[in-house]
Amino acid sequence: MRFYSESLRRAAEALETDPDRGLTAQEAARRLAQYGENQLRQAKPPSLLLRCLGQLKDPMILVLLAAAALSFFAGGGQDWLDAAIILLIVVFNTVISVSQEDNARKALEALRQLSSPKARVLRDGTESRIESTQLVPGDVILLEAGDYVPADGRIWWQAGLQTDESAMTGESLPVHKRGGSGLPPETPLAERKNMVIGGTAVTGGRAKVLVTDTGMETEMGKIAGLLLDQAQGETPLQRKMGEVSRVLSLVCVGVCAVMFGLGALQHRDLLDMFLTAVALAVAAIPEGLPAIVTIVLAMGVGRMAKQNAIIKRLPAVETLGCASVICSDKTGTLTKNQMTVLEVWTPGGSLRRRALTLGTLCGDARKGPKSYLGDPTETAIADLADQEGLPKAELDRENPRQGEAPFDSSRKRMATCHSLPGGGTLIAVKGAPEAVLAKCTHILGSGGPRPLGAGERASIQRENSRLAGRALRVLAVAQRETRGPVRDFTPEELERDRVFVGLIGMMDPPRPEVRQAVDRCAQAGIRPVMITGDHRDTAVAIARDLGIYRPGDRAVDGRSLDLLPQETLEEEIDRFSVFARVTPEHKMRIVKAWQKRGHVVAMTGDGVNDAPALKTADIGCAMGRTGTDVAKGAADMILTDDNFATVVSAVEQGRGIYANIRKAIHYLLSCNIGEILTIFLATLLCFPHAPLSPVQLLWLNLVTDSLPALALGMEPVEEAVMEQPPRGKEEPLFSKAFSFRLAWQGALVGGLTLLAYNLGLRDSYGAANTMAFAALTLCQLFHAFDVRSEETSLFHLGVFSNAAMNKAFLAGLALQLAVLLLPPLQGAFSVEPMTLEQWGMVFALAVTPLVVCEIEKAARRHGRKKEHKREKETIKV
């Protein structure tokens, strides 16, 4: 039932309650059994064992476990170290994944904690305090300033009731409530002035309320339901790593089968062929890749934490890198969530201090530890007055308050009465401009009060329209001075014969750094979108000021969205840059519409009403300072400085991290292709002996696959990363160009290894095996340097600019030289000393990939420059 659209009597009848006495204890108990406790349902989390076993569904984990078994049995049980390392990687990945999941459960727990305070309730005609969980529909509750609203309810009676609904509706100002008649059925949540919303706070006044909904039926309960229903989707990186896992699984099985089959056809020793095939299969699988990806993401998390972005799920770092739309809440995210006076207009021009004095006296703001506390409009005026040498405590001391006519939503103004230092009385009035001006008979100018004529009224109204056109909240201030004391504090007495003094325009201003961040989004091909519960005109004005709302863009509010089918919204979503007066359900629809169009969506927010959209988005970003626990629980990332610009910096880091992961994959797979081709071609061409033994392949895998790949993950973010458009959600990791680059570079490494083997055969098989082993290892170590950038020259980057790469290279080189030069290790790896000439040939072959790749990059850059030049000439023509 839509209680907000019913009359008070009809609402009470429907709830079967007596507003004067409340429910009886027996009836309350019966309803509690019927409706259940006033708390939010919580999904039961799976056991720790089930969550750990769930990680085995990942194909890469299964491949790793198979690799561990193959590695162990390839050495007849002796090569336990490789198997142990692989198993440690699996355990590490499982611990990370399990510790970072269940965000929906945490969000719901935060929502449940919001429902814990006690409630003042009428039962059997007697007021008592009970646990809010025991409330039922039909209960009569009493609210006053400072109270938590424990359930949704219809206001039966109120006096100056104001509630802070920013966490639920995005409305930045306290909402003035009223009782009275019903509202139209289509009234959105933010405009249901005759209702209170569970989970909000009372900031002023008092009220008697009929409880209409409890538990999961409340507006907050509906949000909890959305969180329960929303599953955590895979990130783009997880999907792409799944692709890699499937490819590598097929390669693993294929290599074993083909190698073993060829050996059988050529009548080779089957045990030797089996061990070689298994060793090559282990080498073909970059078992260090998941660990490298995890470590690279973890390092990215560390860097981002220093930049005020806390990542809750490691894969979310990479997801940021492909964000193409950032849907941002307005209040507290794009704006400061602090009302600020931006303009004071007075007819006399020099009466600014007088206007601020009146606005401060006619208010109840109180000084806090850092700023003023109370109604945001009143604290904004008091803050500015204090800054300009008019502290409220001093003004109150000089002009003590005698009485007041409180603010009333029907009058839209308030008045206070003060004693003047020299005797007499000052009446200060503050309120909506049209309401204040209607009772004014004079206007205060530089020469004192004078009659208020039609021309001056028109001038004031023009100024009011000008300020309102800037999306400012405008208040008017007026005064009346009397010689004697005032005895009648009724509105009629205090608000008559007023002298108009001025207009005060204020707003929740945009954060100063956001405009630059929005410009960076445009440069990076990212679409910023505002989604807010605030009014449309206010949202559009701020969005236009920030550069979010641009010529040709459209804005839409919640009522229009209700009439717009989801299919139509998906078709037209890119036309809108501002969504105003929206509900949590609207926010989810908007996010899903962008996702349907193939976009990776980041969503920022701080309120309870943002939580479902934060969870639905590909990457949810909650505010750390002003954000609710519910928003933080549902998000993937928390911004500790509540700064929209931090999101853009995080996107840059995400792009850099993805590029580094791609470099690691590039390096590992191109090297592994070289290893596979070396053994496969040698077998296919009926070489009398395999170029590399199983032990050498496993050692090669250990030396070249770990440290250099990890060093690539520590590569600094390249300069031009934010000048490129975001990659598509479905863009494959192995594009044609990327796959071709892997293939020819792998073929180059494999061909050079076979060339080293053939050069060594001029002396002996032992020399050939040693030269192939040395050349392949050193080739891969040098190849890591040219993989540092797919486009930029190594010399432009700086050969030694990545300290981690330098250390990885030296460590790998030292390990390989130890095997090649130390007699005990020479015997263990079946290698023999090389001559100076052989060393020279090995090093010449080893640096060849570096030289060839740099030449290829230079040719590509030259080709692009020529193409760009032709495009410019075509445009000129």
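Here are some friendly questions and answers about how features of this predicted model get their names.

Residues are numbered from 1 along each chain as its sequence is written. Because the model is predicted, local features need pLDDT of at least 70 and side-chain atom pairs count only at pLDDT 80 or more, while totals for chains, interfaces and linings use all residues, and side-chain values use heavy atoms, with hydrogens and water left out.

Q: What makes the contact between Arg354 and Glu481 a salt bridge?
A: A salt bridge needs a side-chain nitrogen of Lys or Arg within 4 Å of a carboxyl oxygen of Asp or Glu. Here the N to O distance is 3.2 Å, so the pair fits the definition. Arg354 sits in helix H14 and Glu481 in strand E18, 127 residues apart. The whole structure has 43 salt bridges.

Q: How do you know that strands E1 and E2 pair?
A: Strands are DSSP runs of E with at least two residues, and helices are runs of H or I with at least four, numbered from the N terminus. Two strands pair if DSSP finds at least two bridges between them. E1 (residues 118-123) and E2 (residues 126-131) have six bridges and run antiparallel, so they count as paired. One of the bridges joins Arg120 to Arg129. The two strands form a hairpin with two residues between them, and Asp124 in the turn has a positive phi of about 55°.

Q: Why are E8 and E21 called edge strands?
A: The open sheet has eight strands in the order E8-E25-E24-E23-E9-E20-E22-E21, with mixed pairing. E8 and E21 each have a single partner strand, so one side of each is left without a neighbour in the sheet. Inside the sheet, E24 and E25 run parallel and share three bridges, including the one between Ala622 and Ile638.

Q: Why is the lining of the second largest cavity said to have six nonpolar, three polar and one charged residues?
A: Ala, Val, Leu, Ile, Met, Phe, Trp, Tyr, Cys and Pro count as nonpolar, Asp, Glu, Lys and Arg as charged, and the others, Gly among them, as polar. The lining includes Met168, Leu189, Thr169, Gly533 and Arg581, so Met168 and Leu189 are nonpolar, Thr169 and Gly533 polar, and Arg581 charged.

Note on methods:
On a 1 Å grid over the protein atoms alone, a cavity is a set of points where a 1.4 Å probe fits but cannot get out, and a pocket is an open set with protein on both sides within 12 Å along at least five of seven lines; lining residues have an atom within 4 Å of a point.
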